[in-house]
Amino acid sequence: GMLKNIEIMMENKEVEYKGHPIPIVRIDVRENREVLKSEGLSVINSPKVYLYLDGIYYEYEDSFNVNFFMYFVNRHLYPIVILKTKEDVE
């Protein structure tokens with residue numbers, strides 16, 4: 001399924017953000033339900049994929065496609081900023 005495809009895609013690749021590795025973690029909700037609840041994450045439907053970045057969980061909700069998933073990750077790692085004034089540029 002989706003999680004296995006992500007594992008295969010990320011296998012043997014160095015994934016980093018600001019020079020730090022990004023770990024890919026699988027959590028068995030049957031055994032770790034309380035951990036997920038304590039983080040405020042949904043435990044009703046599984047599997048779920050979250051990106052944890054700078055203390056915030058972002059849920060991936062699209063169907064699995066490598067390009068869509070990488071777009072989701074990149075959108076959070078490198079957000080688009082709209083510059084409206086000269087001061088915004090500086």
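How many helices and how many strands does the secondary structure of this chain come to? The model we are looking at is a predicted one, and in it the secondary structure comes to 4 helices and 4 strands, which, read along the sequence, follow the pattern α-β-β-α-β-β-α-α.

Let me give the overall figures before going into the details. The chain has 90 residues, of which 20% count as buried, and it exposes about 7500 Å², with carbon and sulfur atoms supplying 52% of that area. If we take the contacts in the chain with a separation of 6 or more, residues 24 or more positions apart account for 35% of them.

I would like to spend most of my time on helix 3, which covers residues 66-77. This helix has 12 residues, and at 1.5 Å a residue they should span 16 Å; the end C-alpha atoms are in fact 16 Å apart in the model, so the expected and computed spans agree. Which residues of helix 3 are buried? They are Phe69, Phe72, Val73, His76 and Leu77, and, seen down the axis of the helix, these buried residues fall within an arc of 130°, so they line one face of helix 3. As a general point, an α-helix has 3.6 residues a turn, so residues three or four places apart point the same way. On the other side of helix 3 we find Asn67 and Tyr71, and both of these are exposed.

Within that buried face, His76 deserves a closer look. Its relative accessible area is 18%, and because the cut-off for buried is under 20%, His76 is placed in the buried class. Leaving aside its neighbours within four places in sequence, His76 is in contact with Leu51, Leu53 and Tyr58.

Phe72, another of the buried residues of helix 3, brings us to two residues outside the helix. One is Asp62, which sits in the loop between strand 4, residues 56-60, and helix 3, and which is partly exposed, with a relative accessible area of 46%. Asp62 and Phe72 are 10 residues apart in sequence, and their C-alpha atoms are 9.0 Å apart in space. The other is Glu59, a residue of strand 4 that counts as partly exposed at 29% relative accessibility. Not counting residues up to four places away in sequence, Glu59 touches Lys48, Val49, Tyr50 and Phe72. Between Glu59 and Val49, which are 10 residues apart in sequence, the C-alpha to C-alpha distance is 6.0 Å.

Staying with this part of the chain, where does Asp54 lie? Asp54 lies in the loop between strand 3, residues 49-53, and strand 4, where it is exposed, with a relative accessible area of 60%. The backbone of Asp54 is worth noting as well, since its phi is near 50°, a positive value in a residue other than glycine.

Let me turn now to the charged side chains. How many salt bridges does the structure hold? The structure holds 1 salt bridge, in which the side chains of Glu34 and Lys37 meet, with an N to O distance of 4.0 Å. Both residues lie in helix 2, residues 29-38, and they are 3 residues apart, about one turn of the helix. Glu34 counts as exposed, at 57% relative accessibility, whereas Lys37, at 46%, counts as partly exposed.

Finally, I come to the surface beyond helix 3. Which residues form a nonpolar patch there? They are Val81, Leu83 and Val89, and together they have about 300 Å² of accessible area. Of these residues, Val89 is found in helix 4, residues 86-89, and, at 58% relative accessibility, Val89 counts as exposed.

To draw this together, the picture I would leave with you is of helix 3 with its buried residues lining one face and with Asn67 and Tyr71 exposed on the other side, of a salt bridge between Glu34 and Lys37, and of a nonpolar surface patch formed by Val81, Leu83 and Val89.

Methods: Residues numbered from 1 in each chain as written. Predicted model: local features only at pLDDT ≥ 70, side-chain atom pairs only at ≥ 80, totals over all residues. Heavy atoms only, no water. Patch = residues over 30% accessible without salt bridge, like charges linked within 9 Å, V, L, I, M, F, W, Y side chains within 5 Å. Areas by Shrake-Rupley, 256 points an atom, 1.4 Å probe, with all protein chains shown as cover. Buried < 20%, exposed > 50% of the residue type's maximum accessible area, 1.4 Å probe, protein only. Expected span 1.5 Å × (residues − 1). Arc of directions from axis to C-beta. Contact = heavy atoms within 4.5 Å.
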